[in-house]
Amino acid sequence: MPRSTRRPVHCAAVDLGATSGRVIVGTWHRATLELTEVHRFGNSFRSLGAHDYWDLPGLWHEVRTGLLAAKRRFPQLASVGVDTWGVDHVLVNAAGRLVFPTHAYRDARTQPGLQRLARDGKTTALLYAETGIPNVFYNSSLQLAETVASCPAVRDDAARCLFLPDYFNFLLSGKMENEVSIASTSQLLSVRGLRWSRPALAHFGIPARWFHRPIRADRDLGPVTGIPELRDTRAVAVPGHDTAAAFAAMPASATGDDLFISSGTWSLVGYESATPLLVPAAAAARISNERLGDGRFRPLTNVIGLWLLEQTLKDLGARPANAREWRALLGDARRLPAPARLLDVDDPAFVNPASMRAAIDAQLQSGRAERPAPPRVRRHPLGGPGRSALPTSRAAEYTRLICDSLGAGHAAAMRRFEQLSGKRFARILLVGGGAKNSLLCQATADTAGLPVHALELEGSAIGNLASQLIALGAARDLAEIRRAIAAQFPPTIYRPTPDAKIVGAALRRDPNAARASHPSRHKAAPTT
């Protein structure tokens, strides 16, 4: 009989992000997962000279503090797992001591190498065919190449390269392993099985001996040895990349026809697949074939996300301070007519401008879209006899334009995947901060022509906990946990409006249709 039917099982998820981290305990009992946050802390890289570095001792201090708090509150703590952001890594000697400082992925040191690759189409094509990962400035491949080139002695000093969750697993358990999902962010893992790409390692000049054969998630690494108070707790290798963990948490259909969106600063759009997406058009579209914890693939594309809205509202001095103010702003924006045209959210000018509002206005002034009007009184779009005129703000105008444009960006990514893969998606599962934005969810449903299931759950932490429960034998498999999550965390469902559904179907037949073919207004109310 499964342990989950006999007694509660307590697991600790260490979920580290580039700006914050937390330790969350999950209690699994009778197919229900209860979450308790026991520690939260800030995180940021530090600059020294011309370079940027992570404070690993500070992070370990916070992880240890959180796990001790978890143990005090849940004395029968069964296990712990760690997930982090991608690509960053640690070089250690055979004893596990650091031999090189840990750079942050935003460090500009990789730009010369990236520019050389941009001029070498043949090598770029080879690397994509080998690894399924496009050239991006933050790739571990480029970081490690710069390290070896600038400090050649590190070839002899370092015995292993551990990605950040691998390193924290080592601090906990004493075991040096490379977990597959985090390894796949490096542009060094082969798309053919669980092995490293020799051509990629050779091109970047990285010693192959630094890496061991990757392991799948759900692996019990043994007892915690790095924190004496947790000696009765097991360390588990979970999906080390936080995006892979978030995908694991989504209550996906067994038919495999769900599109996943993790909506935050960026929108990470992708799906689960047994095979990578390597056609030439996928390389041109910069599709990233990262891995899931079980070794399958997670074709993914990045679409700019709520960064666009957050920065614009900051420029306007109009960022809501609480949930009530957010609801009011989204309500004001929803009552406005849909913009005649939408923003091109792929514009690189939106990545990190000095002023997001100015970047948007510059695109609008180019004639590609209507500029939001200044504050004025606008008749309620549902108006008629007895309806009063309602004031609308510049913030509401920009919010409507941005949310509609981001929704269209999600839909464009979906159609691109359908073209490249031959798949047809039946629904969209959306998690992250965007799941709380009703305007964005409805815009995504309308432009995609598919229902959006918005899930307000702790995606990365739940995926992390799911892996631990499977490793402990407390749950049979991921499918069991996904069924439990679907029952415990029912989504808010946004269905495309009738007119929008027609437009969405037309766009799926003809993805080159103009952006101006945009639903006239969001009318549907979400259902739960």
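This is a short question-and-answer on a predicted model.

Tutor: Residues are numbered from 1 along each chain as its sequence is written. In this predicted model local features need pLDDT of at least 70, side-chain atom pairs count only at pLDDT 80 or more, and totals for chains, interfaces and linings use all residues, while side-chain values use heavy atoms, with hydrogens and water left out.

Student: Why is Thr-123 called buried?

Tutor: Buried means under 20% relative accessible area, exposed over 50% and partly exposed in between, with a 1.4 Å probe and protein chains only. Thr-123 comes in at 14%, so it counts as buried. You'll find Thr-123 in helix α3, residues 121–131; helices are DSSP runs of H or I with at least four residues, strands are runs of E with at least two, and both are numbered from the N terminus.

Student: What is Thr-123 in contact with, leaving aside its neighbours within four places in sequence?

Tutor: Leu-117 and His-203, where contact means heavy atoms within 4.5 Å.

Student: What makes Tyr-271 and Phe-417 an edge-to-face pair?

Tutor: Rings of Phe, Tyr and Trp (its six-membered ring) pair if their centres lie within 6.5 Å; planes under 30 degrees apart are stacked, over 60 edge-to-face, the rest tilted. Here the centres are 5.3 Å apart and the planes make 80°, so the pair fits edge-to-face. Tyr-271 sits in the loop between β12 (266–270) and α10 (280–284) and Phe-417 in helix α14 (residues 394–421), so the pair ties together parts 146 residues apart in sequence. Tyr-271 is buried at 3%, and Phe-417 is buried at 0%.

Student: How do you know that Arg-298 lies over the face of Phe-247?

Tutor: The rule wants NZ of Lys or CZ of Arg within 6 Å of the ring centre and within 35 degrees of the ring normal. Arg-298 is listed as lying over the face of Phe-247, at 5.2 Å from the ring centre, so the distance part checks out against the 6 Å limit.

Student: Why are β1 and β6 said to pair?

Tutor: Two strands pair if DSSP finds at least two bridges between them. Six bridges join β1 (residues 9–16) to β6 (residues 77–83), so these parallel strands qualify. One of the bridge partners is Ser-79 in β6, matched with Cys-11.

Student: Which strands are at the edges of that sheet?

Tutor: The open sheet runs β3-β2-β1-β6-β10-β9 with mixed pairing. Its edge strands are β3 (32–42) and β9 (219–223), since each pairs on one side only.
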